[in-house]
Every structure is written in C-alpha cells, then in structure tokens.
Amino acid sequence: VIVGLFMLGLLVKAKMEAHTVGRAIAGYCAIMSVVMTALLIYLHLSAYSDPVQQRRIVRILLMVPIYAVDSCFALWRYEVAPVVGLVRDCYEAYVIYNFFHLLMGYLGGEEAAANAKGGSKMSHLFPLCCLPPFQLTPQTFKLWKYLLVQYMILKPVLAVLAIVLMWTGHYDESSWSWTNAHLYFVIIQNIIVTLAFTSLVYFFVEFKTMLARFQPMGKFAAVKAVVFLSFWQSVLLGILVSTGVVKGSKEGLWTPEEVSTGAQDFLICLEMLAMCYVHHHVFSEAPYVPLTGHRPVKCWHVLHVLSVRDVMSE
C-alpha cells in the first residue's frame, strides 16, 4: 500500500494524464495480486496434505491473478478487451463449480453428504418459502450439480456469442434497446447465475452446521463477492453510459463505451488486490501444514491442480 501511494504521488507530481495514472495503478495492483497469490499457492503446495481439498482451493485462488492480469491487459490494450473478458468469464464459472466441490470435500464427498442428510426435509428459502418442503435425495444433489454445470458451460458460450455479435454490430453493452442483443444476454446471464448460486446457497444452508468447523462463510462471501462485483459493476456502468452520466473524454480520444470498459477493468484491478488479503485469511494453508512443517513442492502437486480430468468426468 505504501509503495502504491508513493508511486501515485510521483505520477501526479509528474502531471501524467489521468488514463496513464490509472494504467500504472492497475499495473501495480495486478503485479501485487500475482505475487501475493503465488505466495499463498506455494504455501499450499508445500503443505499438500489433502489433495482433494487443496486442489480446489488453489484453483479458486487463481481467480484473483487471472482477473487482475486480464483486466490490466485490457486497460492497456483496449482493442483486446472483449477477448480478455472471455477468459474471465470462463474461469469465473469454473471457480463456482470448484467451490461447490470444495464444500462437498469438507463433508467427505457426495456420497457421505447424501447419507448424512438423506431423507430429511428441507424448507425453501425466500422468496420461495411459500412452497412446501422437499426431501433430500441423491437426485437433489444431482440437480444442484446440473445447475452449477450449466453455468460453467453457458457462461463461456454466451461470452463467445457476445464477441461475435459485437463484431457484427448487434451487441452493445451501453444499449438497453430491445433490438440489441445485450438486453437479452443480461437477462439470460441473470437467470443462469441465479440458478447456480441458488443451488449453492441451498446446499450451504442445509449443511452449514456440518461445515461450521471449516469456517465456510468467509470463503462463500469471498467467492460470491468477486463474481457479483464484476457482473453488477458492468451492468451499472452500462446503465450510466446509456443515461449519459458516463461521457467520453473531452479530447474525443475515448468514447463513453471505452470509458465504461476502462473503469470496469480499473476497478477490478483494485478489487483483486483487496481480495488477495481476504484470500490469505479465509483460504489459509495453516490447517493443512503437517507436524513436520512445509516440504519442497513436488511436480505431481502442480500437475494434480492443473489437471481437469475430474471436471471432464463430472
């Protein structure tokens, strides 16, 4: 923080242009996000005592540097921003899926979780609380997984379609006209993310007592904050552009849409640096460190984390 403030002071003193200062700050945040996350990942890999849980944790931790570096790169090279956003969208869905399985791993796996609660009744949550309770069965767990997997598949597909439609002039994030694809994409994305998070919340609420010793609330809030901050920021900035609140630069170098995209990327860089501190607390390696202490990282640790065989199997 001190280094960042010092650098900001030098940039302001040198009378740099606003977008140059913004890029420099975003670059600093992205670099620090990578360094801090790399340190935490190294600590996990050097105490890799529970591969089932820790591979999920490391995959979740990677979300912060991926978001930060992608956003910083898009801020420096605006023309690649749509493609860079595609990477963020793909990994965002992947993180939600891995978080569900991390919680399942805390419970000893899907079969153990189903046996622990099998046959019990669960009430619906607000605003569906008027519906009758339903019974927890293996099919309930399968439905929750389907709702998470559909998000992991549809989110990247929608991102690719958005890029194609943007190039053809049918998609504009600042437009809310019914003749523009952006309106329908926002509606669809709201539906699929709501279904995914609803299944995650139902699972979380039902098993919160059994998960209490793993302190899941902070982990849940950290994952949810990253996803919702990026999504709702883009929606809010799009509305501000369409209502004329966000304008282009006075020199005419930046359109309102470019200013909005740049502001979104800049904010993500700042938020990801803040999330690094949160992750070091909620995803600490301390519970996994064996009595013998940290050990050298082995090649199979890294390969185990990066392998997607488990995802393909699901």
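Me: A salt bridge is a side-chain nitrogen of Lys or Arg within 4 Å of a carboxyl oxygen of Asp or Glu. By this rule, what does the count of salt bridges come to?

Reply: This is a predicted model: local features need pLDDT (the predictor's confidence in each residue, from 0 to 100) of at least 70, side-chain atom pairs count only at pLDDT 80 or more, and totals for chains, interfaces and linings use all residues. Residues are numbered from 1 along each chain as its sequence is written, and side-chain values use heavy atoms, without hydrogens and water. By the salt-bridge rule, the count is 4.

Me: Which residue forms a salt bridge with Arg59?

Reply: Arg59 is in helix α3, and its partner is in helix α13, 251 residues away (helices are DSSP runs of H or I, at least four residues; strands are runs of E, at least two; both are numbered from the N terminus). The closest N and O atoms of the pair are 2.9 Å apart. The partner is Asp310.

Me: Which residues are linked with Asp310 in a network of salt bridges?

Reply: Asp310 and Arg56 meet at 3.2 Å, N to O. Asp310 lies in helix α13 and Arg56 in helix α3, so this pair ties together parts 254 residues apart in sequence. Arg55 also forms a salt bridge with Asp310, at 3.8 Å between the closest N and O atoms. With Asp310, the network links Arg55, Arg56 and Arg59.

Me: Is Asp310 buried or exposed?

Reply: Buried means under 20% relative accessible area, exposed over 50%, and partly exposed in between (1.4 Å probe, protein chains only). Asp310 has a relative accessibility of 15%, so it counts as buried.

Me: Why is helix α3 largely enclosed by the rest of the structure?

Reply: The buried residues of α3 include Arg55, Arg56 and Arg59. Arg55 has a relative accessible area of 12%, and Arg56 is at 9%. Helix α3 is largely enclosed because, of its 11 residues, the number buried is 9.

Me: In which helix is confidence lowest?

Reply: The chain averages a pLDDT of 81, and 89% of the residues score at least 70. Confidence is highest in helix α3 (residues 51-61), at a mean of 92. Where pLDDT is low, the predicted coordinates should not be read in detail. With a mean of 53, confidence is lowest in residues 2-13, helix α1.

Me: How many helices does the chain have?

Reply: The chain has 314 residues, and 45% of them count as buried. Alongside 2 strands, the number of helices is 13.
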